[in-house]
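Biologist: I am new to this structure and should be grateful for a close look at a single part of it. Please begin with one helix and its surroundings, and then place that part within the whole chain.

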Amino acid sequence: MVVVHHLENSRSQRVLWLLEELGVPYEVKRYERNKETMLAPPELRAVHPLGKSPVVTDGDATVAESGAIVEYLVERYGNGRLVPPPGSPERRRYTYWMHYAEGSAMPPLLLKLVFDRVEVAPMPFFVKPIARAIAGKAKSSFIEPQIKLHLDYLESELGKSTWFAGEEMTAADVQMSFPLEAADARGGMAAGRPKLVAFLQRIHARPAYQRALATGGPYELMR
Ligand SMILES: N[C@@H](CCC(=O)N[C@@H](CS)C(=O)NCC(=O)O)C(=O)O
């Protein structure tokens with residue numbers, strides 16, 4: 001039985017969505033974030049040394065890192081569904097987006113989250129203006145332009161095909177859902193980007209997505 005070690009309000013939501021799309025039975029083990037640090041609880045380190053979510057256990061297998069989990073589930077349970085045929089142009093795009101989601105799209109969004117927090121973090125009054133100035137400069141000179149660059153790129157890519165890898169929805173769209181949801185929550189994704197907005201509306205309307213939400217519980221991404 002597939003067990004999803006699911007941290008509230010996190011990337012593991014997309015693993016639940018994928019399992020629902022594939023119709024694979026699974027069990028959810030829930031973990032709550034520390035209210036102050038927002039980190040995962042230490043119990044998750046008993047499942048995988050990094051203590052991050054998602055992690056999936058399936059018999060003897062423990063699989064961490066969402067891209068690896070998505071690929072594992074599709075290969076083991078997909079029977080050819082949600083993955084383009086090997087050697088096709090769609091498969092190349094599929095592989096690209098599968099890596100791009102965490103390797104390229106997420107880093108600037110994570111930096112934004114961190115520097116937004118630096119700006120409002122409690123600290124001695126005499127440090128505050130300096131910390132705010134550094135955070136503001138990092139955001140305006142690097143982080144925000146990078147987020148814009150990526151989002152404009154994604155908007156233009158979705159102008160070429162309905163889904164990221166082509167005309168069929170694939171597991172790459174599941175993997176790409178999280179950066180777009182994070183960008184929507186914290187990066188001003190929607191303004192002037194109708195294709196990205198439509199993508200999110202389309203995936204959110206899917207019955208499998210709705211079932212995954214009902215199973216996963218709260219899914220409000222950090223801003
Ligand atoms: N690149 C990893 C990132 C894993 C990750 O950072 N997960 C977050 C949840 S969105 C987490 O576990 N945060 C809590 C912590 O770091 O303690 C993946 O895609 O699986």
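**Helix H1 and its surroundings**

Modeller: Immediately following H1, Gly23 adopts a positive phi of about 70°. The model under discussion is a predicted one. Helix H1 itself covers residues 12-22, and 11 of its 11 residues are buried, so the helix is largely enclosed by the rest of the structure. The buried residues run from Ser12, Gln13, Arg14 and Val15 through Leu16, Trp17, Leu18 and Leu19 to Glu20, Glu21 and Leu22. Charged side chains such as those of Arg14, Glu20 and Glu21 are thus listed among the buried residues of H1, together with Val15 and Trp17.

The approach to the helix may be considered next. Ser10 is situated in the loop that links strand S1 (2-7) to H1. Ser10 has a relative accessible area of 3% and is therefore buried, the limit for that class being under 20%. Its side chain forms a polar contact, at 2.9 Å, with the side chain of Ser12, and Ser12 is one of the buried residues of H1. Apart from neighbours within four places in sequence, Ser10 touches Arg33, Ser53, Phe178, Tyr219 and Leu221.

One of these partners leads to a further local feature. Ser53 is joined to Pro54 by a cis peptide bond, with omega about 10°. Pro54 belongs to the loop between strand S2 (26-31) and strand S3 (55-58). Most peptide bonds are trans, and most residues other than glycine have a negative phi.

On the side of helix H2, Val74 supplies another link to H1. Val74 is located in helix H2 (residues 66-77) and, with a relative accessible area of 6%, is buried. Once neighbours within four places in sequence are set aside, the contacts of Val74 are Leu18, Leu22, Asn79, Arg81, Val83, Tyr94 and Ala171. Leu18 and Leu22 are among the buried residues of H1. Between the C-alpha atoms of Val74 and Gly23 the separation is 11 Å, although these residues stand 51 residues apart along the chain.

The loops on either side of H2 contain two residues with a positive phi. Glu65, in the loop between strand S4 (61-64) and H2, has a positive phi of about 75° although it is not a glycine. Glu65 is exposed, at 51% relative accessibility. Asn79, in the loop between H2 and helix H3 (89-120), is likewise a residue other than glycine, with a positive phi near 45°. At 72% relative accessibility Asn79 is exposed, and it is also one of the contacts of Val74.

The whole chain provides the setting for this part. The protein chain contains 7 helices and 4 strands, arranged along the sequence as β-α-β-β-β-α-α-α-α-α-α. Its radius of gyration is 18 Å, close to the 17 Å that the globule rule gives for 223 residues, so the chain is as compact as a globular protein of that length. Its C-alpha trace spans about 60 × 45 × 30 Å along the principal axes. Of the 223 residues, 46% are buried. Among contacts with a separation of 6 or more, 69% are between residues 24 or more positions apart. The accessible surface is about 11300 Å², and carbon and sulfur atoms account for 58% of it.

Methods: Residues are numbered from 1 along each chain as its sequence is written. This is a predicted model: local features need pLDDT of at least 70, side-chain atom pairs count only at pLDDT 80 or more; totals for chains, interfaces and linings use all residues. Side-chain values use heavy atoms; hydrogens and water are left out. Buried means under 20% relative accessible area, exposed over 50%, partly exposed in between (1.4 Å probe, protein chains only). The radius of gyration is taken over C-alpha atoms; the globule rule is 2.2 Å times the number of residues to the power 0.38. Contact means heavy atoms within 4.5 Å. Accessible areas come from the Shrake-Rupley method with a 1.4 Å probe; for residues, only the protein chains shown count as cover. A polar contact is a pair of N or O atoms within 3.5 Å; within protein, one must be able to donate a hydrogen and the other to accept it, and residues adjacent in sequence count only if both atoms are side-chain atoms.
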